[in-house]
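Work through the exercises below with the model open. Each task is followed by its solution.

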2 protein chains.
Amino acid sequence: MTLSTPGPTLGVVGGGQLGRMLAEAAAPLGVEVVVADPTPDAPAAPVARDQVVGDFDDPDAIRELAAQSDYLTFEIELADPDLLESVAEEFDVPVHPDPDTLRTIEDKLVQKRRLRDAGVPVPRFRAVDTVDDVRAAGDELGYPLMLKARTGGYDGRGNVPVESPDEAAGALDAVGGDAMVEEFVDYERELAVMACQGSAEHRSADRSSGRRGGEAASNGTAKPSRGPREEGETDAFPVTETIHREEILRETVSPARADETVRERAREVALDVLDALEGRGVFGVELFQAGESRSDSTHSSGRGSQDADDEILLNEIAPRPHNSGHWTIEGCHTSQFEQHVRAVTGRPLGDTGRRAPTVSTNILGDVEARQDATLRGEKAVFERPRAHLHWYGKREVYRLRKMGHVTLVGEEGADRPYLLDSVRELRDGLTFEG
Amino acid sequence: MTLSTPGPTLGVVGGGQLGRMLAEAAAPLGVEVVVADPTPDAPAAPVARDQVVGDFDDPDAIRELAAQSDYLTFEIELADPDLLESVAEEFDVPVHPDPDTLRTIEDKLVQKRRLRDAGVPVPRFRAVDTVDDVRAAGDELGYPLMLKARTGGYDGRGNVPVESPDEAAGALDAVGGDAMVEEFVDYERELAVMACQGSAEHRSADRSSGRRGGEAASNGTAKPSRGPREEGETDAFPVTETIHREEILRETVSPARADETVRERAREVALDVLDALEGRGVFGVELFQAGESRSDSTHSSGRGSQDADDEILLNEIAPRPHNSGHWTIEGCHTSQFEQHVRAVTGRPLGDTGRRAPTVSTNILGDVEARQDATLRGEKAVFERPRAHLHWYGKREVYRLRKMGHVTLVGEEGADRPYLLDSVRELRDGLTFEG
């Protein structure tokens, strides 16, 4: 490993806010970023060395990206795994995470099966094609059910609750295409863990506590055999509490307001997820902390019902940095974006330790009609000590579009409800011009 | 103040590492950066929206920069104040700091006179044109003297020590052009303060302790009248200890290992410097903490010899973020680069509080001949928890060229000598390929 100029260059499929924050984090490391995105002057463009304008699955665009890159990654699940595999071979450029991992994750049914088979606790689920399938699942799993599009959904799009057998047909129509159902999890809290898989070159690193190896060995859980694979260093950022409304992330709180045993179990599940997936990078692992009503029931992992084990269920995975981890920019010694750059370019993973209690809130579009984006009220954010504005540079705003976020850092031992109220107040002072 | 997309755009004269770190800091705030620099693909280029290729004093280049910008600033003293004034008027773009401040600072003799007249403690100095002038100054101020080029010097270039009358002629030849001499300050320690002047719009802010107003009123120092001027909010980052060798900054330590009274006095002098200068932005204020031998002598500020007052002497000022403040990126809640962007674009100043004890070291060229830059050994920096590499992306390396820096963050209460040794060890492991 050496550092020279220019580059190394990291090619990123997708140039939204995640690409933008990757580019911000890559620069100090001497890694240059080029993005591919269909929207001219995408959010990442002003801070990236260059943007290739083209669709995520446009062979010409992705070939052009690969030709400029020493490493490839993606910041959006709409990237095409087959295309990534073919350009990786053609241009002899490594892609991380592995395109096969993207293939697994982009189909929620395949994702859930893979994770279940790897021993990760997931809500009970069924593949469904017909109204009868949905009703049969309802008889078995109970109502409400969550009907999910297998592909293409994000930020809650493609998720439709089914309250009774009568709603099955309408819900299937609303989702359209291939679908699955999951039992409705009556969770007490949502959690997220940014888990990271580094290069095998650095497998000797042992800088974090609570590594999976020891825990897996000591709690008697038999791991399915996975055959030979790259075993690089792994780590996870501190467990984050996530707060959603209309299935869109609104705020995060770190440390999560959950018991230490719950946080430890969440970390363990996140590291188990890494074991089930190939390739390096940061993975956003969204979890449910199940409510008390669940603690007696069983779930599809098929394990004995240890209390702590049953409390955490996997919700979804993203094979990339995730909205739930934006707080790490100010809140941890290494941000999730720097960590992803380190991992995919083969550098050692950074220190995931938390620097201070930290909350964040998304800035979402509050207007009904699509319009030019002009934000008012951000002066209060700039004036607030330890508040940090992150603006994504999107030219247009529409309802619930993610336009930016605000992070607020507290003193050690700060009162988290107070921090959360404070950041909400800052956010509520922000409005887009109507 | 509103935030819209695209821009606002900040035009920066100079595209070196300071421009690069300005661009890194501007992006989250939604401020886009364009730089002007004569070197194609300058260090700032990969993270800036655009680079105008042209000399710092090339009217066409600076006009092109101004035409794209909503605000103008500079990251190098080679910017041309007359040209900045004329393009500011032509394109109706504000320039900060005020070009007149640049004019004052770029001539070290004018700088010292202005500061002395404003009551800032400076070493005794004399203008010199001839060998006889130098010898006369030597008779008066004693040897060694420091002979300095009035303009164009940086990183110690243009500074020549004069040990005896015999060396006067040779030293004048070596400096060439207009010169001045200063008494040699037998300092105990060098300190630096990044002082910041914000917009008058935000003058009500009162977030930092130790504001100058109260101190100036209470210590009986009569301030020269300065007439009406913009009085925006001011603040200063925590006092930094700086360690030079061959007159080039090697390491910084924060908090500085000096008594609290000395640090308070350093902060006070830095804020007095702001009072003597026009325009918004971050100013790097380099100071001497005089050794004991000096405490009885007088200096040109003409004040009575209060001990604490006499201990701090101004060395030099930079009208921009400064190498001594790079540690603020990880070490403070706001970095000096974000602070400069906030100040020049009229946003409220950020929180200058320190997050943790922090040291930094420059990565300097260690090769004799100019050559392509390839760094070896950076893996150890990536592996070290809480160490942060900042690579400037310069294509070529030569002896003592600033190629990057490493910051190391400590725990609260960390042992600073240990931190300093640790960061030196990391740096000593870095080499350029010969």
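The exercises use a predicted model and deal with burial, contacts and backbone geometry.

**Exercise 1.** Place G281(A) in the secondary structure and decide whether G281(A) is buried or exposed.

Solution. Start with the element: G281(A) belongs to strand β14, residues 281–290 of chain A. Next, take the neighbour count, which is 26 C-beta atoms inside 10 Å. The cut-off for buried is 20 or more, so G281(A) is buried.

**Exercise 2.** Find which residues G281(A) contacts beyond its neighbours within four places in sequence.

Solution. Among them are T73(A), H96(A), P97(A), Q197(A) and H340(A). Two of these contacts, H96(A) and P97(A), are joined by a cis peptide bond with omega near -10°. P97(A) itself sits in the loop between α3 (81–91) and α4 (99–106) of chain A.

**Exercise 3.** Locate the residue in chain B that follows the cis peptide bond from S254(B).

Solution. The bond leads to P255(B), and its omega is near 0°. P255(B) is in the loop that runs between β13 (248–254) and α9 (260–275) of chain B.

**Exercise 4.** Classify D41(A) and R386(B), which are non-glycine residues with positive phi, by burial.

Solution. D41(A) has phi of about 55° and is found in the loop between β3 (32–37) and β4 (50–53) of chain A. Its count is 16 other C-beta atoms within 10 Å, so D41(A) is partly exposed. For R386(B), phi is near 70°, and the residue lies in the loop between α13 (379–383) and β19 (387–391) of chain B. With 21 other C-beta atoms within 10 Å, R386(B) is buried.

Key
Residues numbered from 1 in each chain as written. Chains lettered and ligands numbered in written order. Predicted model: local features only at pLDDT ≥ 70, side-chain atom pairs only at ≥ 80, totals over all residues. Helix = DSSP H or I, 4+ residues; strand = E, 2+ residues; numbered from the N terminus. Buried ≥ 20, exposed ≤ 12 C-beta atoms within 10 Å, placed from the backbone. Contact = placed C-beta atoms within 7 Å.
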